[in-house]
Structure formats: structure tokens, C-alpha cells
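Trainee: I would like a close look at a single part of this structure, with each cut-off given as it comes up. Which residues line the largest pocket?

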Amino acid sequence: PGALASGDRVDVELRLLEHAPRALANNSRARFLYGTAEVLATVRLIARDGGPAPEELLPGDSGLAQLALPKALGFVAGDRFVLRSESPMETLGGGTILDPEPALLSRRERLDASQLLRSLGDPETSLEDKAVALLRRSRGHSVDIGVLRRRLPPGPEPIEDAAAAAVLAGRAVVVPSDRPAWAWVGVVSSWRESSRSFVAGHHTSHPLLEGAPLSELRAVLDP
């Protein structure tokens, strides 16, 4: 249980056939064929530079997108899929699963999303760099070993080794947890400030208590 990513959205790299019957407009619907599943997906295009979403993807071009699905499916990073037009049913192109368990795409996080997807889609990017990019995208939260295994492409290098290398390089920190977990080093300073603010506020409200409950502090940080 939990070994396979599952959800009703998925981040992908798309490539339309040069002779595709039409361009693929942002927020349009297309038939998503993956494994034995076939569902209608809403295609939300993502600019590679993190800017406003492109209006469309032209035949012969490639791009990034988040696909919103009508039901949850199981995904494996790196798997391939096919896109067909809704009606008439014609093949538009296909692509690769980049992030099988992405956060819901929002305007203010477009840059982070595009940076992560560019990293995941680059075969020359090391597993360590991909792990760090995923931790950055999850800023404010820790990511445990199960999530890393689900969201990073499978390969010969153990994901634990990549995360450990990121810690040694000062790019990530270990977060105490029931399972091995890490966080992007950039969030540590914000955690410290949140901790100081919470403890000071708790002391002001409860001056007779010895200290703030650790469980409440954890809830504030929500790592």
C-alpha cells in the first residue's frame, strides 16, 4: 500500500505529432490513454519559464502540462501515454509522466512547478538534483521516503542515497519522523522564525507554564 502514486491529476511533458489534426488549446479536453485506462482529461498548459500559461500547443511542439482527470488513476513516473481528440477521435500526440503526484497548480506556484518539471524531464539531471527540486516544490513540508519513491522515476540508484547526498551537500535536512524524511534547506530559516514567534506568543498567553507543547509547535510548522 502506498507504493504506487494515485490521484486525479498528473504533471506531464506533451509532444504533439507534426501532423496532428489541430493545436491543443489550454484548458481544452482530450482523451488520455494510459495503460488500460482511457478518460477525458482537461489539459492545463504550463510555461517552461514559469510565466503565464501558453494559449495552445502547436502540432510538432512539446510542452509541459497538468492533466486534470475525472477519477483517480495509478501512475509511475517515466511511463508513457497517448492523447487523442475528444471528437472525432484522432491521435494528437503523447508524452511522459513527470510528476505522478503533483500539487494542484496555482498561479503563484507556476515558477516552482515549471522548475521541478524541467528537472524531472531532463535525462541529464542527477537523481540528487531531482530530489532537491522536489523538496523545493514541497517547501514548508517534509517529504518522506515513500513520497520520493512514488514521485521520482525508478532507476538503479537508491533514492535514499540521493537524499543523503543532498544532506551532505547542504541542500537538504533530515526531518525526524517515523519514516526517513527530508526537507529543502531553504525552509529551515522560516521554521526557526515560526518557532520563535509561536514560543513567544505562547509564553505571553501562558506565562505560568514551563513551555509550549511540542505537539502544538509541530502543528504550527506542519512539516
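Mentor: Contact means heavy atoms within 4.5 Å, and on that basis residues 24 or more positions apart account for 64% of the contacts in the protein chain with a separation of 6 or more. The model is a predicted one, in which local features need pLDDT of at least 70 and side-chain atom pairs count only at pLDDT 80 or more, while totals for chains, interfaces and linings use all residues. Residues are numbered from 1 along each chain as its sequence is written, and side-chain values use heavy atoms, with hydrogens and water left out.

To set the pocket in its surroundings, the C-alpha atoms of the protein chain fill a box of roughly 70 × 40 × 35 Å along the principal axes, and the chain holds six helices and 11 strands (DSSP runs numbered from the N terminus, H or I of at least four residues for helices, E of at least two for strands). Of its 223 residues, 41% count as buried (under 20% relative accessible area, with exposed over 50% and partly exposed in between, for a 1.4 Å probe and protein chains only).

The largest pocket encloses about 270 Å³ of space, and the residues that line it are Asn-26, Asn-27, Arg-44, Leu-45, Ile-46, Pro-52, Ala-53, Leu-104, Leu-105, Ser-106, Arg-107 and Arg-110. (A pocket is an open set of points on a 1 Å grid where a 1.4 Å probe fits, with protein on both sides within 12 Å along at least five of seven lines; lining residues have an atom within 4 Å of a point.) By class, the lining has six nonpolar, three polar and three charged residues, and strand S4, which runs over residues 37–46, gives the most to it, with three residues.

Arg-44 belongs to strand S4 and is partly exposed, with a relative accessible area of 32%. Beyond its neighbours within four places in sequence, Arg-44 is in contact with the lining residues Asn-26, Asn-27 and Leu-104, and also with Leu-64, Ala-65, Gln-66 and Ala-68. For a sense of distance across the chain, Arg-44 and Ala-165 are 121 residues apart in sequence and 34 Å apart in space, C-alpha to C-alpha.

Ile-46 also lies in strand S4, but at 5% relative accessibility Ile-46 counts as buried. Residues up to four places away in sequence aside, Ile-46 touches Pro-54, Leu-64, Ala-65, Gln-66, Leu-105, Ser-114 and Leu-117; of these contacts, Leu-105 is itself a lining residue. The C-alpha atoms of Ile-46 and Leu-117 are 9.5 Å apart in space, although the two residues are 71 apart in sequence.

Asn-27, another lining residue, sits in the loop between strand S2 (24–25) and strand S3 (28–34), and is partly exposed, with a relative accessible area of 48%. Its backbone deserves a careful look, since most residues other than glycine have a negative phi. Asn-27 has a positive phi of about 65 degrees although it is not a glycine. To sum up the part you asked about, the lining brings together Arg-44, which is partly exposed at 32%, Ile-46, which is buried at 5%, and Asn-27, which is partly exposed at 48%.

Methods: Grid points are joined across faces, edges and corners, and a volume is the space filled by probe spheres set on the points. Ala, Val, Leu, Ile, Met, Phe, Trp, Tyr, Cys and Pro count as nonpolar, Asp, Glu, Lys and Arg as charged, and the others, Gly among them, as polar.
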